[in-house]
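Colleague: Please take a close look with me at the charged side chains of this model. I would like to know who meets whom, and how open to solvent each partner is.

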Amino acid sequence: MREIMQQNEVITDRDNVLFEAGIKLGALYHQFTGSPVNLKTADSLEKAIQESISVQPCVENIKVSINRDMIRSKLNSEYGYCELEGRMLDVSITASFKSAKVDVSLAFDTELDYPLMKIENIY
C-alpha cells in the first residue's frame with residue numbers, strides 16, 4: 001500500500017533540489033537523444049545541450065561530453081551521421097536550491113548496459 005504524505009511532513013530544500021536535478025537529466029535525455037550527430041557536429045551539439053539546460057532554474061553548472069568512439073562506430077556509411085543515443089552521453093550537473101546543492105550525473109554503465117542517472121554528491 002502507498003504511503004500518503006502527512007500534512008505535517010516537511011519538504012526540504014534538499015528534496016526540491018534533488019527533484020529539480022532529476023528533472024534536468026530526464027529532460028536532457030529525452031529532448032536530445034535521437035538528434036543527428038557526426039564527428040564534425042559533436043562539439044556544437046555538446047554546447048547546445050549545455051546552453052539549453054544551463055538556463056533552467058537551479059542549474060549552477062553543466063558539463064556534457066559525447067563519446068566520439070561510439071559516434072564513429074555508429075556512423076551511417078552513406079550519409080555520414082548517426083543518432084545521438086543515451087549511451088553516448090556523459091553529463092554532470094551541479095544544481096542548487098536555497099540552502100541545498102547537489103551534483104548529479106548521467107553516464108553509460110557498461111555492467112548494466114544502461115545510461116544511468118545518479119546522485120553523486122549532496123552538500
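**Charged side chains up close**

Modeller: Happy to! Let me start with Lys118, which is partly exposed because its relative accessibility is 41% (under 20% relative accessible area is buried, over 50% exposed and anything in between partly exposed, with a 1.4 Å probe on protein chains only). The model is predicted, so local features need pLDDT of at least 70 and side-chain atom pairs pLDDT 80 or more, while totals for chains, interfaces and linings use all residues. Residues are numbered from 1 along each chain as its sequence is written, and side-chain values use heavy atoms, without hydrogens or water.

The side chain of Lys118 joins that of Glu120 in a salt bridge, at 4.0 Å from N to O (the rule asks for a side-chain nitrogen of Lys or Arg within 4 Å of a carboxyl oxygen of Asp or Glu). Glu120 has a relative accessibility of 44%, so this partner too counts as partly exposed. Their contact is one of 10 salt bridges in the structure.

To place the others, it helps to have the layout of the chain in mind. There are three helices and six strands (DSSP runs numbered from the N terminus, H or I of at least four residues for helices and E of at least two for strands). Read from the N terminus, the order of elements is α-β-α-β-α-β-β-β-β. The C-alpha trace spans about 60 × 35 × 20 Å along its principal axes, and of the 123 residues in the chain, 30% are buried.

Now look at helix α2, residues 42-54, which holds both Lys47 and Glu51. These two are four residues apart, about one turn of the helix, and their side chains form a salt bridge of 3.8 Å, N to O. Lys47 is partly exposed because 49% of its relative area is accessible; Glu51, at 44%, falls in that class as well.

Right after Glu51 in your view of the sequence comes Ser52, also placed in helix α2. With a relative accessibility of 24%, Ser52 is partly exposed. From C-alpha to C-alpha, Ser52 lies 8.7 Å from Leu28 in space, though 24 residues separate the two in sequence.

Moving on to helix α3, residues 68-74, you will find Asp69 and Arg72 three residues apart, so about one helical turn lies between them. Their side chains meet in a salt bridge with an N to O distance of 2.8 Å. The two partners fall into separate accessibility classes: Asp69 counts as exposed at 54%, whereas Arg72 counts as partly exposed at 47%.

Beyond these pairs, there is a network to trace. Salt bridges link Lys74, Glu85, Arg87 and Asp113, so it is worth showing those four side chains together when you apply the salt-bridge rule.

One more charge deserves a glance, and here the partner is a ring. The charged end of Lys101 sits over the ring of Tyr123, with 5.6 Å to the ring centre (for this, NZ of Lys or CZ of Arg must be within 6 Å of the centre and within 35 degrees of the ring normal).

To draw it together: Lys47 and Glu51 pair up within α2, Asp69 and Arg72 do so within α3, Lys118 meets Glu120, and a network of salt bridges connects Lys74, Glu85, Arg87 and Asp113.
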